[in-house]
Amino acid sequence: MKRNFPFAVLATAALLTIAGCGTNVVNPVTGRTERSAMSPQQEVATGRQAHQDVLKEYSVVDDAKLQAYVTALGNKLAAQSHRAELAWHFTVLDSPEVNAFALPGGYVYVTRGILAYMENEADLAGVMGHEIGHVTARHGAQRATRQQNAGIGVLAATVLGAVLESRGVSGATDLAGQVSQNAAAGYIASYSRDQELQADQLGAEYLARNRYDPKHMVDVIQVLKDQEQFAADQAKAQGKQPQSGNSWLASHPSNEQRLQRIRDEAAQLTGDKPVDENRAAFLQAIDGMVFGDSPSQGLVRGQQFLHPTLDIALTAPAGWALQNGSETLTVMSPQRDAALILQPVPEKAGTVHDDILRRWGAEQGRTDAKTINGLKATHFSGVRKNAQGQRGNAEITLITSAKGAVYALVYAAKDGQSLQSRRAALTQAEESFRALTADDKKLAKPWKVALRPYPAGGFAEMAKTAVVTEAQLKLLNGRYGGEAPPKVGERVKTVVAAP
């Protein structure tokens with residue numbers, strides 16, 4: 001959770017439309033003329049502006065060495081693509097999500113989350129080649145063209161599609177109300193099946209042009225299939241239904257279909273003998289990279305949410321789940337029928353609780369001033385009028401942190417009965433809100449990717465000194481599907497707490 005509301009990007013993006021009925025453009029990949037809402041020059045301009053909006057939604061990873069490595073690899077791939085003339089831009093985002101996405105005009109993004117699960121440079125090249133393929137085949141422009149007649153601005157279609165495709169629309173609505181806009185964005189988000197398959201094919205082709213084995217596209221899909229299986233296994237062990245994740249695969253065709261298609265494409269691509277997969281260079285680049293949550297966005301450690309930068313902490317009741325999003329923290333009941341949603345109040349709303357509640361639309365109801373762990377708080381329960389003028393029951397607690405920032409704790413439930421049955425746990429979570437204690441600060445250490453020789457005792461032995469499980473170590477090293485273990489002494493990835 002970050003201090004500011006990233007959905008400002010959505011409002012900004014929605015302002016730009018490109019006038020006119022479009023222009024005829026030759027597609028660089030197919031050689032065919034197609035009607036488009038964007039000329040190549042407009043693609044670049046749109047991507048440049050949308051890039052600034054993406055940077056409001058995400059942070060850039062603070063690792064010059066890693067950024068330089070990814071940029072060099074991206075430029076190498078782009079130089080052999082169908083649009084080598086573009087000024088390409090490659091950015092590593094500080095996000096644990098397993099994702100990559102692209103904007104028109106040559107803007108490509110990978111998260112540190114997806115980097116952690118790649119095995120070598122050729123695997124990463126497959127992910128980046130796929131995203132480069134979306135740009136070279138003008139898929140973003142095609143999506144914007146599809147949406148122009150729907151009354152959604154071209155830039156809105158571009159940036160909303162890219163950002164929300166990469167992570168999914170948040171389940172928690174902010175105080176101002178974004179429902180209609182988010183619904184439109186979710187519709188924009190998906191590339192078509194044919195576009196995804198074409199990007200796979202282009203990724204394999206760009207691998208071959210750079211003398212990587214195109215079969216690494218198969219490896220990438222398999223690695224991400226293992227992610228899905230791991231999530232399903234974890235959910236089953238907890239007696240839950242698997243959730244559709246915000247991963248690189250979320251909006252793509254079925255993995256079995258992609259695997260078969262890529263196997264066919266890779267088998268047809270021939271050329272010079274492939275270069276080494278550059279595993280050593282890749283591992284060196286990610287050595288020491290943050291894994292999972294970062295301190296700047298808040299850390300989830302078991303039932304604890306800890307945010308060293310904001311100096312706030314909260315504890316989830318036993319069995320409740322913590323979901324740390326970019327703009328909200330959601331404390332979800334095991335039955336998923338109630339939640340406490342923590343989010344920062346914009347600075348422009350002020351610091352006086354009564355004024356904030358009035359601006360939020362609070363009308364008749366009960367307002368109680370109280371103190372939570374030494375922090376000033378105000379609880380409101382009553383009728384609230386939303387931004388659309390509709391009235392409904394609402395319950396919210398405002399609390400001022402030790403740093404003077406105001407946070408809202410919003411009660412949410414599927415119905416009144418669920419709210420009442422979960423009230424004790426919701427109150428328990430609310431009353432755990434606090435400034436970081438000495439124990440919290442000890443726990444609030446980032447986790448890092450580290451390289452270790454593979455021991456004779458295997459991943460079970462490695463798990464004794466790691467902060468993740470044996471199953472996660474197998475997943476991290478491409479062995480979750482039952483592949484042969486590494487050789488003893490081979491460098492493999494583990495995850496440890498920073499000193």
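## Helix 5 against helix 10

In this predicted model, helix 5, which covers residues 121-136, and helix 10, which covers residues 216-237, have axes that come within 8 Å and cross at roughly 90 degrees. That crossing makes helix 5 roughly perpendicular to helix 10.

On the side of helix 5, the residues in contact are Ala122, Asp123, Gly126, Val127 and His130, and they meet His216, Met217, Asp219 and Val220 of helix 10. Sorted by character, the residues of this contact divide into four nonpolar, three polar and two charged.

## A sheet of three strands

Three strands form an open sheet in the order 6-17-18, and their pairing is antiparallel. Strand 6 (290-291) and strand 18 (491-497) stand at the edges with a single partner strand each, so one side of each is left without a neighbour in the sheet. Between strand 6 and strand 17, the latter made of residues 447-453, there are two bridges, and these strands run antiparallel. Within that pairing, valine 290 has lysine 448 of strand 17 as its bridge partner.

Helix 12, formed by residues 279-286, lies across strand 17 and strand 18, and its direction is at about 5 degrees to that of strand 18.

## Lysine 493 in strand 18

Strand 18 also contains lysine 493, whose surroundings can be described at the level of the side chain. With a relative accessible area of 1%, lysine 493 is buried, because residues under 20% are counted in that class. The side chain of lysine 493 reaches the backbone oxygen of methionine 118 at a distance of 2.7 Å.

## The hairpin of strands 13 and 14

Strand 13, which spans residues 362-372, pairs with strand 14, which spans residues 375-385, in the antiparallel sense and over nine bridges. These strands form a hairpin with two residues between them, and asparagine 373, which lies in the turn, has a positive phi of about 50 degrees. Isoleucine 372 stands opposite leucine 375, a residue of strand 14.

## The protein as a whole

Taken over its full length, the protein has 18 helices and 18 strands. Of its 499 residues, 54% count as buried, and lysine 493, described above, is a buried residue as well. Among the contacts in the protein with a separation of 6 or more, 67% are accounted for by residues 24 or more positions apart.

Key
Residues numbered from 1 in each chain as written. Predicted model: local features only at pLDDT ≥ 70, side-chain atom pairs only at ≥ 80, totals over all residues. Heavy atoms only, no water. Axes fitted to C-alpha atoms, helices over the stretch in contact; angles between N-to-C directions. Helix = DSSP H or I, 4+ residues; strand = E, 2+ residues; numbered from the N terminus. Parallel < 35°, antiparallel > 145°, perpendicular 65-115°, else oblique. Contact = heavy atoms within 4.5 Å. Nonpolar A, V, L, I, M, F, W, Y, C, P; charged D, E, K, R; others polar. Pairing = 2+ DSSP bridges. Buried < 20%, exposed > 50% of the residue type's maximum accessible area, 1.4 Å probe, protein only. Polar contact = N/O pair within 3.5 Å; in protein donor to acceptor, adjacent residues only side chain to side chain.
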